[in-house]
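Here are a few notes to go with the structure you asked about. Have it open while you read, and go through the points in any order.

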Amino acid sequence: MTMPNYLIIGAAKAGTTSLRTYLDQHPEVFVTARGEPSFFAHEGETLTFSGPGDEDWADSFITDLGAYQSLFDGAEGYKAVGEISPRYLYFERAPERIAHHAPDARLIAILRHPVDRAYSHFLMNRSRGCEPAETLSEAIDKEAERAVQGWGWDWRYVGAGLYHGQLERYYARFPGERIKVFLYEDLKRPDAFFSELFTFLGVDPDFRPDTSVRHRTASHPKNYALQHLVKQESAAKAIFKRLVPKDARARARKWVASWNATTPERLAPEVRHDLFERYFAEDCRRLEPMIGRSLATWFR
């Protein structure tokens, strides 16, 4: 059975959703139609995360090897065959499982300024209606308590951005030449980025995908009560489901989401700097020599 020969392992909220679309355009690259199967993060596990909305996430993950391998049906003939699951960077057992099932896989990580990553993740959770904290700082203050209560990875705003320790696990198991680390800023130079990425994957480096469409741009609801009404189950919503056809419901949800979305405020510079210095600066100092990249712009 086919197994991947490349994996995009993270980080979350660092352009991986858009990257999947770009990879899919390359005639020599196969990427799974199903996004974020997260198999190597959760192989064989019964998922019991207890945060708001965790059950929906858990149902979307693939934990069975056969089901995972079936994602690559039709991949014959492609030079690069893989998938994108940002959880792989965070979960401790992912490197050992990848080494077991796909020992020759090439591994790609895109790292984003950890506070910007955390804020984008926070805004996503707010837009989903499952983040009760009103500010990122408040959510971070509750992070340890939530972990004890069994809330899942989507509330590890600090933990998911400690890249040094996460990558260290991969460098301990895989040769450095099979690990490629980009920065989120590299996406702003698409010619250089795609040339380097496609060269690493062993496919035509001169191909350029259409990057005119961005995916999952940050937004947040104008009205959180309306957002909660749309997202959460209720008796009224159950009646609505029985009376209105599925396609019409989908159009209605899309219209409400679009009408209720607004561009979020930028994180105040002083808050951004304080959070970086408090939680991430030391990790980033250790990260620089590991990946051979200056992170001076992050420190500024």
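The points below cover a buried acid, a pair of helices and one alanine.

1. Before anything else, keep in mind that this is a predicted model.

2. Take a look at glutamate 143, which sits in helix H8, residues 143–149. Glutamate 143 is buried but makes no salt bridge. Its nearest side chain of opposite charge belongs to arginine 156, 5.4 Å away. A salt bridge here would need a side-chain nitrogen of Lys or Arg within 4 Å of a carboxyl oxygen, so arginine 156 doesn't qualify.

3. So what does the side chain of glutamate 143 reach at 2.9 Å? The backbone nitrogen of valine 158. Leaving aside residues up to four places away in sequence, glutamate 143 touches Trp155, Arg156, Tyr157, Val158 and Gly159.

4. Now for the helix pair. Helix H6 (residues 114–128) and helix H14 (residues 269–291) have axes that come within 9 Å and cross at roughly 120 degrees. Angles of 65 to 115 degrees would count as roughly perpendicular, and H6 and H14 are therefore classed as oblique to each other.

5. If you want to find where these helices meet, look at Pro114, Val115 and Asp116 on the H6 side. On the H14 side, the partners are Arg272, Leu275, Phe276, Phe280 and Cys284.

6. Last, alanine 192, which is part of helix H10, residues 190–201. Is alanine 192 buried, exposed or partly exposed? It counts as partly exposed, because its relative accessibility is 34%. Its C-alpha atom is 9.8 Å from that of proline 205, with the two residues 13 apart along the chain.

Notes:
Residues are numbered from 1 along each chain as its sequence is written. This is a predicted model: local features need pLDDT of at least 70, side-chain atom pairs count only at pLDDT 80 or more; totals for chains, interfaces and linings use all residues. Side-chain values use heavy atoms; hydrogens and water are left out. Helices (H or I, at least four residues) and strands (E, at least two) are DSSP runs, numbered from the N terminus. Buried means under 20% relative accessible area, exposed over 50%, partly exposed in between (1.4 Å probe, protein chains only). Lys and Arg count as positive and Asp and Glu as negative; His and the chain ends are not counted. A polar contact is a pair of N or O atoms within 3.5 Å; within protein, one must be able to donate a hydrogen and the other to accept it, and residues adjacent in sequence count only if both atoms are side-chain atoms. Contact means heavy atoms within 4.5 Å. Axes are lines fitted to C-alpha atoms, for helices over the stretch in contact, and angles run from 0 to 180 degrees between N-to-C directions. Angles under 35 degrees count as roughly parallel, over 145 as roughly antiparallel, 65 to 115 as roughly perpendicular and the rest as oblique.
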